[in-house]
Amino acid sequence: QVQVMESGGGSVQPGGSLKLSCVVSGNIFSVSAMGWYRQAPGQERELVAKETAPANKIYSPSAMGRFTISRDRAKNAVHLQMNDLKPEDTAVYYCHAHLTESGAWSPVPYWGQGTQVTVSS
């Protein structure tokens, strides 16, 4: 029922920029939070940034100052503008949505399939 569609990944040189986008669709009653996580080879999946409300944005220390997360609630979308990318940002990035499906009792997490971001010379 619920679809999580990611876009914007790719390859970029250090110092470059990418914008990740995610749109959630389906039989959704409400979306309480959306954000991005990433997982590098051999590493645990970690939070990059998320937004639960206009005044509630959370960034990882490495993302702070370089990345900007924004939500379009009308479209159930979230965007992550990534600037000054570094090789250590290389990972698979996963869109995450915490949402309540229509008719459900409580919200549950949904994940995108992941989009590769590669930062190299």
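**Burial, pairing and charge in a predicted model**

Mentor: In this predicted model, Tyr93 is in contact with Glu6, Leu20, Trp36, Tyr37, Arg38, Val48, Phe67, Met82, Gly114, Thr115 and Val117, once its neighbours within four places in sequence are set aside.

Trainee: What makes these residues contacts of Tyr93?

Mentor: A contact requires heavy atoms within 4.5 Å. Each residue listed for Tyr93, including Trp36 and Met82, is counted as a contact, so each has heavy atoms within that limit of Tyr93.

Trainee: Which residues touch the most other members of the largest nonpolar core?

Mentor: They are Val24, Trp36, Leu80, Met82 and Tyr93, in a core of 28 residues. Two or more residues each come from strands S3 (18-25), S4 (28-39), S5 (46-53), S7, S8, S9 (91-101) and S11 (115-119). The largest share, five residues, is that of S9. In general, nonpolar side chains tend to be buried together in soluble globular proteins.

Trainee: Why is Glu51 called buried?

Mentor: The relative accessible area of Glu51 is 4%. Buried means under 20%, so Glu51 qualifies. The residue lies in strand S5, and beyond four places in sequence Glu51 touches Ala33, Met34, Asn56, Lys57, Ile69, Ser70, Arg71 and Arg73.

Trainee: Why is Ala74 called exposed?

Mentor: Ala74 has a relative accessibility of 80%. The class begins over 50%, and Ala74 is therefore exposed. Ala74 is placed in the loop between strand S7 (67-72) and strand S8 (77-82). The C-alpha atoms of Ala74 and Lys50 are separated by 17 Å, the two residues being 24 apart along the chain.

Trainee: How do you know that S7 and S8 pair?

Mentor: Pairing requires at least two bridges. Six bridges join S7 to S8, so the requirement is met. The two strands run antiparallel, and one bridge matches Thr68 with Gln81 in S8.

Trainee: What makes S7 an edge strand of its sheet?

Mentor: The sheet is open and has four antiparallel strands in the order S1-S3-S8-S7. S7 and strand S1 (3-7) are the edges, as each pairs on one side only. Neighbouring strands of this sheet are turned by 15° against each other on average, direction ignored.

Trainee: Why is the pair of Arg38 and Glu46 called a salt bridge?

Mentor: Their closest N and O atoms are 2.9 Å apart. The cut-off is within 4 Å, so the pair qualifies. Arg38 is buried at 7% relative accessibility, whereas Glu46 is partly exposed at 38%.

Trainee: What makes the pair of Arg66 and Asp89 a link between distant parts of the chain?

Mentor: The two residues are 23 apart, Arg66 in the loop between strand S6 (56-59) and S7, and Asp89 in the loop between S8 and S9. Their side chains meet at 2.7 Å, N to O. Arg66 has a relative accessible area of 12% and Asp89 one of 0%; buried means under 20%, so both are buried.

Trainee: How do you know that Lys86 and Asp84 form a salt bridge?

Mentor: Their closest N and O atoms are 3.6 Å apart, and the limit is 4 Å, so the pair is accepted. Lys86 is partly exposed at 29%, and Asp84 is partly exposed at 37%.

Trainee: How many salt bridges are found in the whole structure, and which residues are linked in a network?

Mentor: The search finds six salt bridges. Arg38, Glu46, Arg66 and Asp89 are linked in a network.

Note on methods:
Residues are numbered from 1 along each chain as its sequence is written. This is a predicted model: local features need pLDDT of at least 70, side-chain atom pairs count only at pLDDT 80 or more; totals for chains, interfaces and linings use all residues. Side-chain values use heavy atoms; hydrogens and water are left out. Buried means under 20% relative accessible area, exposed over 50%, partly exposed in between (1.4 Å probe, protein chains only). A nonpolar core is a set of buried Ala, Val, Leu, Ile, Met, Phe, Trp, Tyr and Cys residues joined through side-chain atoms within 4.5 Å. Axes are lines fitted to C-alpha atoms, for helices over the stretch in contact, and angles run from 0 to 180 degrees between N-to-C directions.
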